[in-house]
Structures are given as structure tokens and as C-alpha cells.
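Here are a few exercises to work through with the viewer open. Try each task on your own before you read its solution.

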Amino acid sequence: MRDAGCVVTWDSDDGAAMTPLRRTRNEFGWKVPRLIAALRRCASQVGITLGSDKSLKTTISRHENSRVTPGEEWRKLYRLVYGRTDEELGFAGSAGALSSA
């Protein structure tokens, strides 16, 4: 996928290398812009403020590639968007993680 003149790798469809969170987005057939739109709708419903689309792309990539463990608000948004549990999204045991966003 190309975005603003640079190649980004978080839309790979290599199922074997995908985290449960990334695999879920793939199962939905969504690209990142579609996920961002869904996150914004859910965030406004539960009173969570999100940053710019650019910052969301970075955050989603970090979450989907397990570089950063999503904090509670993000886990809540992903649960709402996808209708899945923490365990199904790969967040089991992440409540006390040191790195969150």
C-alpha cells in the first residue's frame, strides 16, 4: 500500500505473521482508513478523544505489530469496533503491561 509517497507495511496479508488484532482487521476486509472511521464513531459514543488520522495510523500499526500494548481505552475501542473480546484480539494478560498507548 502507498500512503503519502512512502511504502507502509502494516497492510500485509501474510496471515501467518499477523497478530490476532491485525488478523481481525484482515477478516473484516478493512484497510486502515476504514478502521479509523469505525474507531472515530465508537470513540465519540464513549467520550474518548482521538488524534489526527496520521497519528492513528501510527498507533494502529504499533498495536497491530505488537510494538506497543494497547491501553485500556484502546482495548475498549477495538472491542467495540470488532465486537470481540480481549482474548480474541490478543490482549489477554495485557492489563498490567508496561508499554501502553
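**Exercise 1. Get the layout.**
Work out the order of the elements from the N terminus on, and the share of residues that is buried.

*Solution.*
- Step 1: Walk along the chain of this predicted model, and the elements come up as β-β-α-α-α-α.
- Step 2: Tally them, which gives 4 helices and 2 strands.
- Step 3: Turn to accessibility: of the 101 residues in the protein, 39% are buried.
- Step 4: Now take the contacts with a separation of 6 or more; 55% of them involve residues 24 or more positions apart.

**Exercise 2. Find the core.**
Identify the residues with the most contacts inside the largest nonpolar core, and say which helices supply it.

*Solution.*
- Step 1: The largest nonpolar core contains 20 residues, and those with the most contacts inside it are Leu35, Leu39, Leu50, Tyr78, Val81 and Tyr82.
- Step 2: Sort the core by element: at least two residues come from each of α2 (32–46), α3 (53–64) and α4 (72–82). The largest share belongs to α2, with 7 residues.
- Step 3: Pick out Leu50 and skip residues up to four places away in sequence. What Leu50 then touches is Leu39, Arg40, Ala43, Leu56, Trp74 and Leu77.

**Exercise 3. Interrogate Tyr78.**
Decide whether Tyr78 is buried or exposed, then list what it contacts.

*Solution.*
- Step 1: Locate Tyr78, which sits in helix α4.
- Step 2: Check the accessibility: the cut-off for buried is under 20% relative accessible area. Tyr78 has 0%, so it counts as buried.
- Step 3: Ignore neighbours within four places in sequence, and Tyr78 contacts Leu21, Leu35, Leu39, Ile60, His63, Pro70, Gly83, Leu89 and Phe91.
- Step 4: Zoom in on two of those partners. Leu39 is 39 residues away along the chain, yet its C-alpha is 7.4 Å from that of Tyr78. With His63, the Tyr78 side chain makes a side-chain polar contact at 2.9 Å.

**Exercise 4. Sort out the rings.**
Classify the ring pair Tyr78 and Phe91, and say which parts of the chain it ties together.

*Solution.*
- Step 1: There are 6 aromatic pairs in the structure. For Tyr78 and Phe91, the ring centres are 6.0 Å apart with 40° between the planes, and the pair is tilted.
- Step 2: Place the two partners: Tyr78 is in helix α4 and Phe91 in the segment after α4, so the pair links parts 13 residues apart in sequence.
- Step 3: Check Phe91 for burial; its relative accessible area is 5%, so Phe91 is buried.
- Step 4: Step back to the whole group: Phe28, Trp30, Trp74, Tyr78, Tyr82 and Phe91 make up one aromatic cluster.
- Step 5: Look for a charge over a ring of that cluster. The charged end of Arg34 sits over the Trp30 ring, 4.2 Å from its centre.

**Exercise 5. Follow α3 to its end.**
Compare the length of α3 with the expected value, then describe the backbone just after α3.

*Solution.*
- Step 1: α3 has 12 residues and spans 16 Å from first C-alpha to last, close to the 16 Å expected at 1.5 Å a residue.
- Step 2: Look for buried positions in α3, and you get Leu56, Lys57, Thr59, Ile60, Ser61, His63 and Glu64.
- Step 3: Just past α3 comes Ser66, with a positive phi of about 60°, although Ser66 is not a glycine.
- Step 4: Put Ser66 in context: it lies in the loop between α3 and α4. Its relative accessibility is 54%, so Ser66 counts as exposed.

Notes: Residues are numbered from 1 along each chain as its sequence is written. This is a predicted model: local features need pLDDT of at least 70, side-chain atom pairs count only at pLDDT 80 or more; totals for chains, interfaces and linings use all residues. Side-chain values use heavy atoms; hydrogens and water are left out. A nonpolar core is a set of buried Ala, Val, Leu, Ile, Met, Phe, Trp, Tyr and Cys residues joined through side-chain atoms within 4.5 Å. Buried means under 20% relative accessible area, exposed over 50%, partly exposed in between (1.4 Å probe, protein chains only). Contact means heavy atoms within 4.5 Å. A polar contact is a pair of N or O atoms within 3.5 Å; within protein, one must be able to donate a hydrogen and the other to accept it, and residues adjacent in sequence count only if both atoms are side-chain atoms. The expected span of a helix is 1.5 Å times one less than its number of residues. Rings of Phe, Tyr and Trp (its six-membered ring) pair if their centres lie within 6.5 Å; planes under 30 degrees apart count as stacked, over 60 as edge-to-face and the rest as tilted. A charge sits over a ring if NZ of Lys or CZ of Arg is within 6 Å of the ring centre and within 35 degrees of the ring normal.
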